[in-house]
Amino acid sequence: MSVNPEIEGRVFPPTAPYLVGREKIREFARAVLASSPVNFDVEAARAAGYADLVAPPTFAVVVQELTLRQLLAEPDAGIDFARVVHGEQRFSFSRPIVAGDELTATLTIASVKSLGGHSMVTAESSIVDAAGAHVVTATSTLVVRGDS
Amino acid sequence: MIQESAPLFTELEVGQIVAEAGFAITRESLVRYAGASGDFNAIHYRDDIAQSVGLAGVLAHGMLTMGAAVQPVVDWAGDPGRIVDYQVRFTRPVFVDATEGAVVNVVAKVGALDTENTVARIDLTVTCGGETVLGKAQVRVSLV
């Protein structure tokens, strides 16, 4: 089974809202060896002008993950998870993620390309807050190895 | 190193090193990241499964390397909210030995300066055992 090129351009339904918790930010910040006070200390975050704790830049992957699950579960996509290698990753922010945010992600398959028997799938997840304002776009390029 | 205020855009020069750091990754780091991120792929904690798919052994989550590699830039910038864009290519796996772990080194250098928007592009060189593990690792930092 190989990746279905017709999924290029497909837009998935928005994910259920993800409520960003303080302890989740602290847990994630520890896991990526962050030491910025605004990741851990609410007073420091408020002093820096934020409503609550600020998430590390790559925290958006936790919300993006919900959309990648949609892609892997798509019956006609032809993506076998065991063959997937993470090729590239990008986060483009309108503002940082802050504790208390209720985030919804919408996945668009930006492109599907064939390259020497492999497929390169670029998955773009646009993450917005409860007001619908853009927070961050998380883009993954997945390399799906061909049948050997 | 945490700075009270942001570095000044006008004082930066292309080629200048703004941060250098090394960090150790152990199997415990991988378990911790798996829990925090929700990525429980067994190649990040079981040698037998990693080997069954042709890998030399357990490797770090690429997103852990990406997440940790930006932290020296966050500390330099003084606030993670100043990071407006961050991208990497995963070029080589970071193998994490069960007893020895692995050490990842980061050198962060000014790659380009966008004067109109006062955004500095910081280019990361991220290595493990002398080999580059992240390619085109670029962090855009909004400064004043």
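Here is a short conversation about a predicted model of two protein chains, A and B.

Me: Happy to start simple: which pattern of helices and strands does chain A follow along the sequence?
Reply: In this predicted model, chain A has 4 helices and 5 strands. Its C-alpha atoms fill a box of roughly 55 × 30 × 20 Å along the principal axes. Read along the sequence, the pattern of chain A is β-α-α-α-α-β-β-β-β.

Me: And in what order do the elements of chain B run from the N terminus on?
Reply: Chain B has 4 helices and 5 strands. The box filled by its C-alpha atoms is roughly 50 × 25 × 20 Å, taken along the principal axes. From the N terminus on, the elements of chain B run β-α-α-α-α-β-β-β-β.

Me: Which domain feature does UniProt place on chain A, and how far apart are the end C-alpha atoms of that span?
Reply: The unreviewed UniProt entry places "domain: FAS1-like dehydratase" at residues 9-137 of chain A. That span is 26% helix and 32% strand. Its end C-alpha atoms lie apart by 16 Å.

Me: What does UniProt place at residues 19-120 of chain B?
Reply: Residues 19-120 of chain B are 31% helix and 29% strand, and the end C-alpha atoms of the span lie 14 Å apart. The feature that UniProt places there, from an unreviewed entry, is "domain: MaoC-like".

Me: Now the sheet: which strands stand at its edges, and why is one side of each left without a neighbour?
Reply: An open sheet is formed by 10 strands with antiparallel pairing, in the order β1(A)-β3(A)-β4(A)-β5(A)-β2(A)-β2(B)-β5(B)-β4(B)-β3(B)-β1(B). Each edge strand has a single partner strand, so one side of each is left without a neighbour in the sheet. These edge strands are β1 (18-19) of chain A and β1 (17-25) of chain B.

Me: Let's zoom in on one pairing: which residue in β4(B) is the bridge partner of B:Ala112?
Reply: Strand β3 (residues 102-114) of chain B pairs with strand β4 (residues 119-128) of chain B in the antiparallel sense, over 10 bridges. In β4(B), the partner of B:Ala112 is B:Arg121.

Me: At what angle does helix α4 of chain A run to β4(A)?
Reply: Helix α4 (residues 60-73) of chain A lies across several strands of that chain, including β2 (84-93) and β5 (134-144). Another of the strands under it is β4 (118-128), and to β4(A) the helix runs at about 125 degrees.

Me: What area is buried between chain A and chain B?
Reply: The size of an interface is often given as the accessible area lost when the parts come together. Here the contact takes 31 residues from chain A and 30 residues from chain B. Carbon and sulfur atoms give 59% of the buried area, which is about 2,500 Å².

Me: Which element gives the largest share of the side of chain A that touches chain B?
Reply: Across the interface there are 2 salt bridges, and A:Glu88 and B:Arg89 meet in a salt bridge at 3.3 Å, N to O. On the chain A side, α1 (22-31), α2 (37-40), α4 and β2 each supply at least two residues. The largest share, 8 residues, comes from β2(A).

Me: Last one: how far apart along helix α1 of chain A are A:Arg26 and A:Glu23?
Reply: A:Arg26 forms a salt bridge with A:Glu23, the closest N and O atoms being 2.7 Å apart. In helix α1 of chain A the two are 3 residues apart, which means a separation of about one helical turn.

Technical notes
Residues are numbered from 1 along each chain as its sequence is written. Chains are lettered from A and ligands numbered from 1 in the order in which they are written. This is a predicted model: local features need pLDDT of at least 70, side-chain atom pairs count only at pLDDT 80 or more; totals for chains, interfaces and linings use all residues. Side-chain values use heavy atoms; hydrogens and water are left out. Two strands pair if DSSP finds at least two bridges between them. Contact means heavy atoms within 4.5 Å. Axes are lines fitted to C-alpha atoms, for helices over the stretch in contact, and angles run from 0 to 180 degrees between N-to-C directions. UniProt positions are given in the numbering used here, feature names are shortened, and annotations may be inferred rather than shown by experiment. Buried area is the accessible area (1.4 Å probe) that two parts lose on being put together, summed over both. A salt bridge is a side-chain nitrogen of Lys or Arg within 4 Å of a carboxyl oxygen of Asp or Glu.
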